[in-house]
Amino acid sequence: MTSIIELYVFVLAAFVGYQVITRVPPLLHTPLMSATNAISAISLVGSLVLAGANRDNISNWLGFVAVTAATINVVGGFLITDRMLKMFRRDVKPPPGAVEKAGQGGGAAR
Amino acid sequence: MSVRELVIQAIYLASSVLFILGLKSLSHPDKARLGMQQAALGMVLAIVGTLFHHEIVRFDLIAVALILGTVIGYPLGMFVPMTAMPQRIAISHMFGALAATLVGIAEYQGHGGPVPRSTMAALGFEVLFGALTVTGSFMAFGKLQEFITGKPVTYRGQNTVNITLFGVAVLMFVFLVARPESTVVFFAMIGLALLLGVFMVLPIGGADMPVVVSLLNSYAGLASAATGFAIQNNVLIICGALDGASGFLLSVLMSKAMNRSFGNVLFGAFGSVSPALAAGPDSKDLTVRSVSAEDAAIQMAYAGQVIVVPGYGMAVAQAQHVVRELADLLEKKGVTVKYAIHPVAGRMPGHMNVLLAEANVPYDRLYDMEDINPEFERADVALVIGANDVVNPAARSDPQSPIYGMPILDVDKSKGVIVLKRSMNPGFAGIENHLFYARNTSMLFGDAKSSLTRLVTEVKAL
């Protein structure tokens, strides 16, 4: 029964994801990839339990490597997403000349 | 449910909400940064909450691994140049999938007794997609970093081999669900999945990378979601589903932008356009007009509107900063400068946008294909920088062309076209581009960056 509820969660989350992500403009597709990558590093949650449960030697080491790999994605992923998003800026002042040329330019979006 | 368990679940719920809000904030560049910082907070919450999990009895390994991961992750986040972003993203899919696969193996091993079938299905899915993504992403990383050839590696019967391997892996998966105790089959399936990842990316050329990178993004997410099923953790399922949906959506968008069916993408049978087909119509009696930097500069400086069309060539030459410099000069002379971004220009979704944003081009000057295409008719000059297939009019007019039907930027409709190109060698797919022979096209040969630098000098001198 629990696995049915989990299936509900999965399907609904996939729908939410689809709806939310459809609205991300192509402009931000690269930050989107790094962001989803950082977020899916939530698998760290599973790895942490594994590394700390002290079941046996193999599990300990598998957990250790898994925590390391997932942490790389958490730290690196959020940092690089932030670094990219920081670069996307609006034009502060309209470029000189844009105003008188707006007629032929078809109106530059601003 | 104990109080402790309840608190942890509440934290997970809060994290899930923060993650979804974070992704939602990406629908607008002004709000995105704050939203993603909130998502990062959600991640910290989830990590701290997990540390209170009742099964965790030792913290030494966790502490060392967290520190090690941070030490490796920090430079990957802070110092990787924007031009290296495609391979950076590709390798991060490998780390994510690796974590999922290892957790899957440990869960299988340490279950203490036979694994229930439903758990086995989740575990099987997890290690199958996880392992495939580990090697697949590493191959993609290698191709993008260029220590593995960026050209498609093909041989006869390749698709048959790949589909057979995939079929065998699926059979093993089904067998495991029926008989979870077959350890040998479990590890054989992982081995096969690792092999499959290599074989899947081998035939894919550099220009097809946007689809592959998005697809691997999706697989890594699905592996994470399967982990959630296996260890019955909802936040993992939610995040895996978000990542899976995002990667899926991006790969659909990318394959549409390349006019490839999604089935074609799923089976990795792309990038295998036969060279005979790609040769295209004979171009011997066509003439190419070469232009000097001086003339090109004059043409642009006295234009009303210039549309810059960047492609992978701009990324290779790292010419984005010079492009911006040239645009600034032109704008000072009263020229309107816009940028036309094709969805698959470059090596990953949004590649050109990130590079131009890095060079301080305001994002409201970057236009998507649908928005900019009607503008070309009104443009005096379209400046094509290292783009080829995405501006090839054959996609519109020549049913014989392998890229026929692919949506392109209508560069040829502008009054004048200036193409910056190294030489007349055809592009990645080896497809002849008739844009280069068109009456309104002039070619400025040379490395994109040095050509642009010459243009800057000439425009300054005017």
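In the predicted model, chain B contains an open sheet of six strands, arranged in the order β3-β2-β1-β4-β5-β6 and paired in the parallel sense. The edges of this sheet are formed by β3 (366-368) and β6 (441-445) of chain B, each of which has a single partner strand, so that one side of each remains without a neighbour in the sheet. From one strand to the next, the twist averages 25 degrees.

Within this sheet, strand β1 (residues 305-310) of chain B is paired with β2 (residues 336-341) of chain B through four bridges in the parallel sense, and B:Ile307 of the pair has B:Lys338 in β2(B) as its bridge partner. The pairing of β1(B) with β4(B), likewise parallel, extends over five bridges, and here B:Val306 is found opposite B:Val381 in β4(B).

The strand β1(B) is mostly covered, with six of its six residues buried. In a regular strand, side chains alternate between the two faces of the sheet. In β1(B), B:Gln305, B:Ile307 and B:Val309 point one way, whereas B:Val306, B:Val308 and B:Pro310 point the other way, and the residues of both sets are all buried. Helix α14 (residues 320-332) of chain B lies across β1, β2 and β4 (381-385) of chain B, and runs at about 175 degrees to β1(B).

Turning to the contact between the chains, 89 residues are contributed by chain A and 107 residues by chain B. On the side of chain A that touches chain B, two or more residues are given by each of the elements α1 (2-22), α2 (29-40), α3 (44-52), α4 (57-87) and α5 (98-105) of chain A. The largest share of that side, 29 residues, is supplied by α4(A). By residue class, the side of chain A that touches chain B comprises 49 nonpolar, 28 polar and 12 charged residues.

The helix that gives this largest share, α4(A), was also examined for its span and its burial. At 1.5 Å a residue, the 31 residues of α4(A) should span 45 Å, and the computed separation of its end C-alpha atoms, 45 Å, agrees with that expectation. This helix, α4(A), is mostly covered, since 24 of its 31 residues are buried, where a residue is taken as buried if 20 or more other C-beta atoms lie within 10 Å of its own.

Key:
Residues numbered from 1 in each chain as written. Chains lettered and ligands numbered in written order. Predicted model: local features only at pLDDT ≥ 70, side-chain atom pairs only at ≥ 80, totals over all residues. Contact = placed C-beta atoms within 7 Å. Nonpolar A, V, L, I, M, F, W, Y, C, P; charged D, E, K, R; others polar. Expected span 1.5 Å × (residues − 1). Buried ≥ 20, exposed ≤ 12 C-beta atoms within 10 Å, placed from the backbone. Pairing = 2+ DSSP bridges. Axes fitted to C-alpha atoms, helices over the stretch in contact; angles between N-to-C directions.
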